[in-house]
Number of protein chains: 2
Amino acid sequence: MGRITPRHEDYSQWYLDVIREAQLADYAPVRGCIVFRPYGYAIWENIQAAVDRRFKAHGYRNAYFPLFIPYSFIQKEKEHVSGFSPELAVVTIGGGETLEEPLVVRPTSETIIGYMYAQWIQSYRDLPLRINQWCNVVRWEKRTRPFLRTLEFLWQEAHSVFATYEEAEEEALRVLDLYTDFAVEDAAIPVIQGRKSESEKFAGALRSYTIEAMMGDGRALQSATSHNLGQNFSRAFEIRYLDAQNQMQYAWTTSHGLSTRVVGAVIMVHGDDRGLILPPRLAPIQVIIVPIWKGEEERSRVLEACEQARRMLQPEIRVEVDAREEYTPGWKFNEWELRGVPLRIEIGPRDVTERQAVLARRDQPGPQGKRTVPMDGLREAVQETLSAIQADLYQRALAFQKAHTHYPETYEQLREAVADGFAWAWWCGSAECEGRIKADTTATNRCIPLEQPGGQGRCIVCGAPAREMAVFARAY
Amino acid sequence: MGRITPRHEDYSQWYLDVIREAQLADYAPVRGCIVFRPYGYAIWENIQAAVDRRFKAHGYRNAYFPLFIPYSFIQKEKEHVSGFSPELAVVTIGGGETLEEPLVVRPTSETIIGYMYAQWIQSYRDLPLRINQWCNVVRWEKRTRPFLRTLEFLWQEAHSVFATYEEAEEEALRVLDLYTDFAVEDAAIPVIQGRKSESEKFAGALRSYTIEAMMGDGRALQSATSHNLGQNFSRAFEIRYLDAQNQMQYAWTTSHGLSTRVVGAVIMVHGDDRGLILPPRLAPIQVIIVPIWKGEEERSRVLEACEQARRMLQPEIRVEVDAREEYTPGWKFNEWELRGVPLRIEIGPRDVTERQAVLARRDQPGPQGKRTVPMDGLREAVQETLSAIQADLYQRALAFQKAHTHYPETYEQLREAVADGFAWAWWCGSAECEGRIKADTTATNRCIPLEQPGGQGRCIVCGAPAREMAVFARAY
């Protein structure tokens with residue numbers, strides 16, 4: 001195993017070291033692209049299952065739309081084209097011939113899905129329509145970082161159509177709740193629900209909602225977004241329906257996305273200087289069993305007990321026995337700590353005799369995280385400990401977020417606050433004030449939180465009356 | 001609902017009609033691409049689950065490699081480049097600028113995965129390595145047909161590395177068995193396992209294996225392939241390992257793929273003139289409950305009984321109640337038959353009184369497929385009937401395959417045989433004889449079946465001594 005740079009020394013390098021040493025991803029031989037290695041991809045598979053289940057319960061069905069979008073489609077919605085044009089990958093040659101119309105590799109699918117929806121929707125009886133897609137998308141980013149910002153990434157994009165503005169707005173907020181529930185319950189990540197400012201919203205949206213999480217260095221990460229697209233795309237693509245009075249109406253659409261950058265959030269929110277710490281619900285391996293023995297006689301007894309423990313835990317719990325003989329137990333402890341397995345079970349010859357096992361929590365390294373449990377109650381003890389780890393990781397992340405959240409009252413205090421974490425501040429709503437903060441501090445307006453303190457104040461930049469607080473932070 | 005052309009009138013049109021009317025797919029606004037609509041995509045999700053489970057049980061782990069492959073990679077293996085070059089989609093512009101090296105949209109990933117494997121593999125201890133990927137691929141096909149041949153399609157591609165030729169060869173055959181097991185058990189499709197001839201094998205393979213299925217018009221469909229790639233890719237990409245004697249060796253690699261064309265196979269093997277018939281294991285909806293009532297009083301009693309039936313069957317069985325009021329029961333019967341739901345449950349006011357329900361099998365339309373069962377034993381009766389449908393569909397497809405399989409002894413008989421179905425014939429092994437059959441009849445050499453009758457004969461084309469029989473057929 002290579003060295004992991006301590007976080008206080010160089011947080012960015014720590015992040016890259018963890019990804020490399022835990023074998024989550026590797027750099028691809030294409031600029032800005034990564035390979036999701038099996039361990040990293042398995043985290044994504046667990047995220048997919050958790051999110052997919054929630055979308056299906058909410059009435060979404062999965063479908064699949066083409067990777068390629070005619071160039072002319074992207075140009076149909078004027079804000080959309082100006083937002084995405086600089087980031088497009090374009091196919092100009094197919095089957096050895098130059099294409100008459102170049103094809104864009106989808107950066108997002110509002111346009112091509114809008115085109116299809118226009119064919120499928122005739123009457124109000126066809127509404128609401130809710131479809132989700134799991135796929136790859138490409139955005140030609142200049143600066144990239146594994147998981148957080150890559151040329152190609154994986155995501156789900158859900159696209160819905162409604163008869164009224166109210167339903168579309170309600171859907172945008174309901175899906176935001178869905179994402180929040182996933183973040184809190186499965187990823188153990190506390191988030192702030194908020195509205196994006198005009199300059200930060202999705203290109204083509206009427207209104208964008210976001211969940212913002214705080215990473216281990218105090219920076220923000222936009223972890224999922226939910227957009228009320230108004231009638232912008234329905235007008236561009238003629239998504240219309242006959243209402244109950246037989247009048248033709250433009251529909252109201254929404255879109256919602258969560259991507260593989262959530263894997264980056266999980267690394268940064270929970271990891272420590274030993275490496276990754278995975279919340280049990282997303283961990284590919286929830287429990288690793290490490291046998292401890294010397295000599296042939298101990299070996300067979302201990303391995304047998306380990307296998308027995310594995311069988312007691314499967315299939316409800318994702319468990320493996322690390323029976324490799326070329327490594328010492330101490331080496332294995334380090335490796336599985338680095339890879340973030342939430343719970344380790346140690347079984348040695350004395351444990352076999354006493355019919356017991358030692359549980360060691362990844363989130364509490366050292367003696368305080370260890371306890372000995374009887375084999376008879378192993379399954380219950382493991383389940384209970386995994387639940388406790390899941391809950392404690394959330395509480396720890398929440399406490400960190402609170403400790404690094406500030407309520408500056410002066411512009412100078414704001415500067416200090418965003419150097420440490422999140423700054424809640426009154427904001428007049430103008431792009432100029434937002435822009436000045438960005439120019440001065442690199443911090444951006446992350447969102448206008450849905451939960452406001454109430455009352456009113458004065459804009460922290462210009463002093464004008466302000467009715468809403470915004471959260472400013474440096475962001476990934 | 002639109003009309004479905006009878007199969008005997010125009011089989012090709014029947015296929016397209018079923019796809020459109022059952023809402024499996026729609027044409028995309030990009031030449032040769034389709035949209036997988038929710039009902040069609042749900043079949044693919046069930047196929048994915050069934051195949052993924054088998055790969056994982058066989059030691060494969062999922063990962064994800066980039067969509068884009070540097071153009072130079074494709075050129076490294078000489079047969080691979082000549083096979084795939086005419087079919088490539090090429091990205092030449094990224095972020096508004098012309099790329100120095102064009103990027104190929106992956107037609108298959110041997111090259112980029114081979115490049116990564118060369119970084120990851122150092123020693124014999126790193127072997128075997130088994131990784132699978134679910135993704136989209138693009139091949140610039142001239143003539144396309146929904147599911148069977150599209151510019152973009154979805155598939156899994158598994159890529160493995162071994163220390164020896166023997167292990168690679170064994171893997172190619174074991175994964176062929178895995179695909180066969182899926183085809184037989186889940187898709188209810190009988191297949192012939194065989195080896196591809198030199199001219200039909202994968203571009204860059206030492207040896208290609210296939211499972212070939214017979215469609216409802218007697219044509220063959222290659223339903224999955226498994227390749228022993230020899231050392232072709234390991235030499236092109238320097239996939240080497242230190243053996244136990246500390247000698248550097250080139251590794252042996254394999255690859256294995258199954259795609260969304262299997263959805264086309266399911267349609268064509270099982271469908272009839274009423275539409276789709278889905279094998280229960282792959283059906284998105286296994287049971288549809290249709291209430292039959294007149295007037296308010298009957299309505300509430302019948303709907304309550306339908307809901308009760310649904311609750312009895314869920315969650316083990318994928319069941320829905322069709323409570324729509326704008327359609328008659330007869331209209332619903334037709335629609336769900338068209339969409340291939342394996343089992344319909346009818347509940348009317350008399351059934352409520354008698355505490356019973358009527359089961360109607362999709363594969364046996366008319367009175368002989370109906371029976372009345374008591375509500376108390378509904379779940380068992382439904383499970384038993386679904387199993388019977390699954391088994392009967394396989395047997396019916398097998399009988400059809402046998403009825404359309406011929407053993408011609410003369411070239412003239414061969415011509416007649418391939419006009420009807422599969423022709424088993426002795427073949428000398430030469431590309432010339434294979435080529436002549438193709439030129440004369442459009443039938444191709446589908447495979448040299450692994451199960452040979454034994455003995456020997458004379459090539460059906462040239463009369464030279466032949467030690468193996470091949471299966472010739474027109475194919476999709």
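**Close-up views of a predicted two-chain model**

**View 1. Helix 9 meets helix 12 in chain B.** B:Ala309, B:Met312 and B:Leu313 of helix 9 touch B:Leu378, B:Arg379 and B:Val382 of helix 12 in chain B. Contact here means heavy atoms within 4.5 Å. By class, this chain B contact of helix 9 with helix 12 holds five nonpolar, no polar and one charged residues. Ala, Val, Leu, Ile, Met, Phe, Trp, Tyr, Cys and Pro count as nonpolar; Asp, Glu, Lys and Arg count as charged; the others, Gly among them, count as polar. The model is predicted: local features need pLDDT of at least 70, side-chain atom pairs count only at pLDDT 80 or more, and totals for chains, interfaces and linings use all residues. Residues are numbered from 1 along each chain as its sequence is written, chains are lettered from A and ligands numbered from 1 in the order in which they are written, and side-chain values use heavy atoms, with hydrogens and water left out.

**View 2. Crossing geometry of helix 9 and helix 12 in chain B.** Helix 9 spans residues 295-313 of chain B, and helix 12 spans residues 378-403. Their axes lie 9 Å apart, at an angle of about 65 degrees. Helix 9 of chain B is therefore roughly perpendicular to helix 12 of chain B. The crossing of these chain B helices is right-handed. Axes are lines fitted to C-alpha atoms, for helices over the stretch in contact, with angles from 0 to 180 degrees between N-to-C directions. Angles under 35 degrees count as roughly parallel, over 145 as roughly antiparallel, 65 to 115 as roughly perpendicular and the rest as oblique. Right-handed means that the near helix is turned clockwise from the far one by less than a right angle; anticlockwise is left-handed. Helices (H or I, at least four residues) and strands (E, at least two) are DSSP runs, numbered from the N terminus.

**View 3. Helix 9 and helix 12 in chain A.** The axes of helix 9 (residues 295-313) and helix 12 (residues 378-403) of chain A come within 9 Å and cross at roughly 65 degrees. The two chain A helices are therefore roughly perpendicular. Their crossing is right-handed. On helix 9 of chain A, A:Ala309, A:Met312 and A:Leu313 make the contact; A:Leu378, A:Arg379 and A:Val382 face them from helix 12. This chain A contact has five nonpolar, no polar and one charged residues.

**View 4. Cis peptide bonds before proline.** A:Gln314 and A:Pro315 are joined by a cis bond, with omega near -5 degrees. A:Pro315 sits in the loop between helix 9 and strand 16 (319-321) of chain A. The bond from B:Gln314 to B:Pro315 is also cis, with omega about 0 degrees. B:Pro315 lies in the loop between helix 9 and strand 16 (319-321) of chain B.

**View 5. Positive phi outside glycine.** A:Ala188 has a positive phi of about 55 degrees. Its loop runs between helix 6 (165-185) and strand 9 (191-195) of chain A. A:Ala188 is buried, at 0% relative accessibility. Buried means under 20% relative accessible area, exposed over 50%, partly exposed in between (1.4 Å probe, protein chains only). Phi of B:Asn246 is near 65 degrees. B:Asn246 lies between strand 12 (240-242) and strand 13 (248-250) of chain B, in a loop. B:Asn246 is exposed, with a relative accessible area of 57%.

**View 6. A cysteine pair without a bond.** The sulfur of B:Cys459 is 3.7 Å from that of B:Cys428, its closest cysteine sulfur, and too far for a bond. A disulfide is a pair of cysteine sulfur atoms within 2.5 Å. Over all chains, the count is zero disulfides. B:Cys459 is buried, at 4% relative accessibility.
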